[in-house]
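Thank you all for coming; I would like to walk you slowly through one structure this morning. Please have the sequence and the model open while I talk.

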Amino acid sequence: MIPKSNAAAQPGWKQGLAWLAVSVILVFAASRIGSAVSFAKLDPWYASLAKPAWTPPNAVFGPVWIVLYVLMALAAWLVWRASGWRRGKRALLLYAMQLILNFLWPILFFGLGWVFAALIDAVALWALLLATLLEFRRHSTLATAGLVPYLLWMSYAVFLNWSVWRLNV
């Protein structure tokens, strides 16, 4: 159920823009670090792995993640905007926890080459993301919709990670 907004929960527009900027900076900082680790290992390590035929080309991952990160940042901001920190605390903490697992995945997979550990991280990330989406639903329908593409991509990513692990055991 989506609670009705009240004036006390609505931050001012300057504070709202500042929080949006923080939200965007957080997701893109995680993205930047993950990209740096990933690109360093694409050749030769990742290129040498056996991958399923349905693995997308490397060039697809960057644009997909940019869109997902923008949607994630906007979704978190919408929850904060609708409910503030006090009422939205659980949703925003779940969001932060999944963002940490999102940040760790490329370090595990590409940085360390720990494909199975990355798979465990991806499954935990998927579960936390689902919990986040369900919690966001209590605050903002639009924020919830913004996380759906991310959940779909993570569903695909978990299966892809599992497939790479199985093909390379």
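Let me begin with a term, because a residue counts here as buried when its relative accessible area is under 20%, as exposed when that value is over 50%, and as partly exposed in between. By that rule R138, with a relative accessible area of 47%, is partly exposed, and we will come back to R138 in a moment.

Before that, a word of care: what you see is a predicted model. The mean pLDDT of the protein chain is 86, and 84% of its residues reach 70 or more. Over residues 1–8, however, the pLDDT is below 50, and this stretch has 13 contacts in the model beyond near neighbours in sequence.

Now to the charged side chains. In general, side chains of opposite charge can pair when their charged atoms come close. How many salt bridges does the structure hold? There are two, and I will take them one after the other.

In one of them, R90 pairs with E135, and the closest N and O atoms of this salt bridge are 3.2 Å apart. Since R90 lies in helix α2, residues 58–111, and E135 in helix α3, residues 115–136, the pair ties together parts that are 45 residues apart in sequence. The two partners sit in different surroundings as far as accessibility goes: R90 counts as exposed at 56% relative accessibility, whereas E135, with a relative accessible area of 9%, is buried.

E135 also forms a salt bridge with R138, where the closest N and O atoms are 3.9 Å apart. R90, E135 and R138 are therefore linked in a network of salt bridges, and R138 is the residue I introduced at the start as partly exposed, at 47%.

Let me turn from charge to nonpolar side chains. Which residues form a nonpolar patch on the surface? They are W54, F159 and W162, and together they have about 310 Å² of accessible area. W54 is placed in the loop between α1, which covers 13–48, and α2, and at 35% relative accessibility W54 counts as partly exposed. F159, for its part, is found in helix α4, residues 141–167, and F159 is likewise partly exposed, with a relative accessibility of 45%.

One last distance concerns F159 again: F159 and A122 are 37 residues apart in sequence, while in space their C-alpha atoms are 9.4 Å apart.

That is where I will stop, and I am happy to take questions.

How values were computed
Residues are numbered from 1 along each chain as its sequence is written. This is a predicted model: local features need pLDDT of at least 70, side-chain atom pairs count only at pLDDT 80 or more; totals for chains, interfaces and linings use all residues. Side-chain values use heavy atoms; hydrogens and water are left out. pLDDT is the predictor's confidence in each residue, from 0 to 100. Contact means heavy atoms within 4.5 Å. A salt bridge is a side-chain nitrogen of Lys or Arg within 4 Å of a carboxyl oxygen of Asp or Glu. Helices (H or I, at least four residues) and strands (E, at least two) are DSSP runs, numbered from the N terminus. Buried means under 20% relative accessible area, exposed over 50%, partly exposed in between (1.4 Å probe, protein chains only). Patches are made of residues with over 30% relative accessible area and no salt bridge: like charges are joined within 9 Å, nonpolar side chains (Val, Leu, Ile, Met, Phe, Trp, Tyr) within 5 Å. Accessible areas come from the Shrake-Rupley method with a 1.4 Å probe; for residues, only the protein chains shown count as cover.
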